[in-house]
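Here is a colleague's note on the structure shown below, written as numbered points. Please read each point with the model open beside the text.

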Amino acid sequence: MQFTRTAIHDVVICEPTVRGDERGYFVETFRQDKLNAFLGRTIEFCQDNESKSTYGVLRGLHYQLAPHGQSKLVRVIKGKVLDVAVDIRKGSPTFGQHVAVELTETNKKQLFIPKGFAHGFVVLSKEAVFAYKVDAYYSPECDRGIAFNDPAFAIDWKLPKNHLQLSPKDIQQPLLKDAEYFEYEMDLYQ
């Protein structure tokens, strides 16, 4: 597995080695020891999630506040998505900046998103099956979101606005300036 830091140092692209022949392929999709060695800290995932969505579905931007903040390792099993992580750690040198990476069933790339980031994705293919690991269980009282179209982020979702499909919850998310978020100084990894 190969790891590459993005423009935001704490967000990491993980690229597994794919071994294949005319019969198909084999890929080791996760190695906790290798991820932890690269990150220099221990991440212990406790839950795997999967969603299926059709073209234009935009899910996000979501996060959980402390003490139930979540680090995520996300990937696409089928289809193609644009995956986005936004730094919402007040005081961070990259506060309000984002990383966008295409994740596909073909490129097998994964994105590691630490606590302190809002996360979302939009489906660029006819449909997509999206899978991710988290290191904290879902907590309704800590569940938060930020508007996908906050002008402060200037995210290019790669689709015309009239093609986007959002949940009622995601349509009503606040702008970053009105949202609750993380303090950069706090230890997000305990």
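1. A good place to begin is Ala154, which is exposed, with a relative accessible area of 60%; here buried means under 20% relative accessible area, exposed means over 50%, and partly exposed lies in between, using a 1.4 Å probe and protein chains only. Ala154 has a positive phi of about 50 degrees although it is not a glycine, and its place is in the loop between β14 (143–145) and α2 (168–171). Lys158, in the loop between β14 and α2, is another residue other than glycine with a positive phi, near 70 degrees.

2. A word on the basis of these remarks: this is a predicted model, in which local features need pLDDT of at least 70 and side-chain atom pairs count only at pLDDT 80 or more, while totals for chains, interfaces and linings use all residues. Residues are numbered from 1 along each chain as its sequence is written, and side-chain values use heavy atoms, with hydrogens and water left out.

3. The secondary structure of the chain comes to two helices and 15 strands, where helices (H or I, at least four residues) and strands (E, at least two) are DSSP runs numbered from the N terminus. The radius of gyration of the chain is 16 Å, close to the 16 Å that the globule rule gives for 190 residues, so the chain is as compact as a globular protein of that length; the radius is taken over C-alpha atoms, and the rule is 2.2 Å times the number of residues to the power 0.38. Along its principal axes the C-alpha trace spans about 55 × 40 × 30 Å, and 49% of the 190 residues count as buried.

4. What share of the contacts with a separation of 6 or more joins residues 24 or more positions apart? Such pairs account for 80% of those contacts in the chain, a contact meaning heavy atoms within 4.5 Å.

5. An open sheet of six strands follows the order β1-β2-β11-β7-β13-β5, with antiparallel pairing; two strands count as paired if DSSP finds at least two bridges between them. At the edges stand β1 (2–5) and β5 (47–54), each with a single partner strand, so one side of each is left without a neighbour in the sheet. The twist averages 25 degrees from one strand to the next, with axes taken as lines fitted to C-alpha atoms, for helices over the stretch in contact, and angles running from 0 to 180 degrees between N-to-C directions. In this sheet β1 and β2 (residues 12–15) pair in the antiparallel sense over four bridges, and the bridge partner of Thr4 in β2 is Ile13. Helix α1 (residues 32–39) lies across β1, β2 and β11 (110–113), running at about 30 degrees to β1.

6. A second arrangement to trace is an open sheet of five strands in the order β10-β8-β12-β6-β14, with antiparallel pairing. Here β10 and β14 stand at the edges, each with a single partner strand, so one side of each is left without a neighbour in the sheet. Strand β8 pairs in the antiparallel sense over seven bridges with β10 (residues 98–104), where Leu82 has Glu102 as its bridge partner. Strand β8 also pairs with β12 in the antiparallel sense over seven bridges, and Val81 stands opposite Val123 in β12. Is β8 largely enclosed or left open by the rest of the structure? Seven of the eight residues of β8 are buried, so this strand is largely enclosed.

7. The largest nonpolar core has 22 residues, of which Leu61, Tyr63, Val86, Ile88, Val122, Ile146 and Trp157 touch the most other members; such a core is a set of buried Ala, Val, Leu, Ile, Met, Phe, Trp, Tyr and Cys residues joined through side-chain atoms within 4.5 Å. The elements that give two or more residues to this core are β6 (58–64), β8 (80–87) and β12 (117–123). A second, separate core of 18 residues includes Val11, Val74, Val99 and Leu111. Not counting residues up to four places away in sequence, Trp157 touches nine-membered company that includes Leu58, Leu61, Leu82, Phe121 and Phe148.

8. Two peptide bonds deserve a careful look. The bond from Gly60 to Leu61 is cis, with omega near 5 degrees, and Leu61 has its place in strand β6. A cis peptide bond also joins Ala66 and Pro67, with omega of about 10 degrees, and Pro67 lies in the loop between β6 and β7 (72–78).
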